[in-house]
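Let's take a friendly walk through a protein model together. Have a look at the sequence and the 3D view, and then we can go through them piece by piece.

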Amino acid sequence: MPPVQGRAPRLALARRLPRPRLTGLGGGLFSTAAMVLVAGFCWLLFDSSLFVYGLLFLPVAAATALWVRPADLITAPITAPIAFAAGVWPVAGGSGGFGGHLMGLVSALSLHAGWLYAGTLVAALIAVVRKAVLIGRRRMPRRPAA
């Protein structure tokens, strides 16, 4: 296959990338399941590192905001903190029964709130930009075909 010049290779690459369109509920389930898997990954390989967990939360929040349907864009920044809190349970630490694990969860959420805010901000910014692009496309006058 001969190499193609210009924008054609980028368009071909963009067409091969997955373009899932998740509903609001699907986006929430995706991000929660992904964060539980990330927590298991951090627990197994990085000795329950909350730094690695928070760092991996950012691309999960971005992917959720990119893959949600245009009609459900508002759900992306809402599901991000829920997914962070649901997934942090295995890596939060704590000991001594339910109360100790609950205190570990609360401590992890309060001490690593920066990651939570950063991921939520990433999801919100992506959702706002996507919505602005959609509104801009609707307002553009359509040119008649020549």
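## Getting started

Helices here are DSSP runs of at least four residues, numbered from the N terminus. With that in hand, you can place W43: this residue is in helix 2. Please keep in mind that you are looking at a predicted model.

## The overall fold

Six helices and zero strands make up the list of elements in the chain. Reading along the sequence, you would write the pattern as α-α-α-α-α-α. Of the 146 residues in the chain, 34% are buried.

Now think about which parts of the sequence meet. Take the contacts between residues at least 6 apart in sequence: 72% of them join residues at least 24 apart. On the outside, the chain exposes about 9700 Å², and carbon and sulfur atoms supply 71% of that area.

## A closer look at helix 2

Helix 2 covers residues 24–45, which is 22 residues. How far apart should its ends be? At 1.5 Å a residue the expected span is 32 Å, and the end C-alpha atoms are 31 Å apart, so the two values agree. After helix 2 comes D47, which has a positive phi near 55°.

Several residues of helix 2 are buried, among them S31, A34, M35, V38, A39 and C42. The cover over the buried residues of helix 2 includes helix 3 (50–67) and helix 4 (76–87). As background, an α-helix has 3.6 residues a turn, so residues three or four places apart point the same way.

S31 makes a good example from helix 2. Its relative accessible area is 3%, and the cut-off for buried is under 20%, so S31 counts as buried. Leaving out residues up to four places away in sequence, S31 touches V60, T64, T79 and A83.

Some residues in this stretch of the chain face the surface instead. F41, W43, L44, L45 and F46 form a nonpolar surface patch, with about 580 Å² of accessible area together.

## The nonpolar core

Which residues have the most contacts inside the largest nonpolar core? They are M35, Y53, V88 and V91, in a core of 29 residues. The elements that give two or more residues to this core are helix 2, helix 3, helix 4, helix 5 (97–111) and helix 6 (113–139). Helix 3 gives the largest share, eight residues.

Y53 shows how parts of the chain come together. Setting aside neighbours within four places in sequence, its contacts include M35, V38, A39, C42, F84, V88 and V91.

A80, in helix 4, is another residue to find in the 3D view. With a relative accessible area of 4%, A80 is buried. Beyond residues up to four places away in sequence, A80 touches F57, A61, T120 and A123. A80 and A124 are 44 residues apart in sequence, while their C-alpha atoms are 9.3 Å apart in space.

## One salt bridge

How many salt bridges does a search of the whole structure find? The search finds one. It joins the side chains of D72 and R69, at 2.8 Å from N to O. In general, side chains of opposite charge can pair when their charged atoms come close.

Are the two partners buried or exposed, or something in between? D72 is buried, with a relative accessible area of 15%. R69 has 34% relative accessibility and counts as partly exposed.

Methods
Residues numbered from 1 in each chain as written. Predicted model: local features only at pLDDT ≥ 70, side-chain atom pairs only at ≥ 80, totals over all residues. Heavy atoms only, no water. Expected span 1.5 Å × (residues − 1). Buried < 20%, exposed > 50% of the residue type's maximum accessible area, 1.4 Å probe, protein only. Contact = heavy atoms within 4.5 Å. Areas by Shrake-Rupley, 256 points an atom, 1.4 Å probe, with all protein chains shown as cover. Patch = residues over 30% accessible without salt bridge, like charges linked within 9 Å, V, L, I, M, F, W, Y side chains within 5 Å. Salt bridge = Lys/Arg side-chain N within 4 Å of Asp/Glu carboxyl O. Core = buried A, V, L, I, M, F, W, Y, C linked by side-chain atoms within 4.5 Å.
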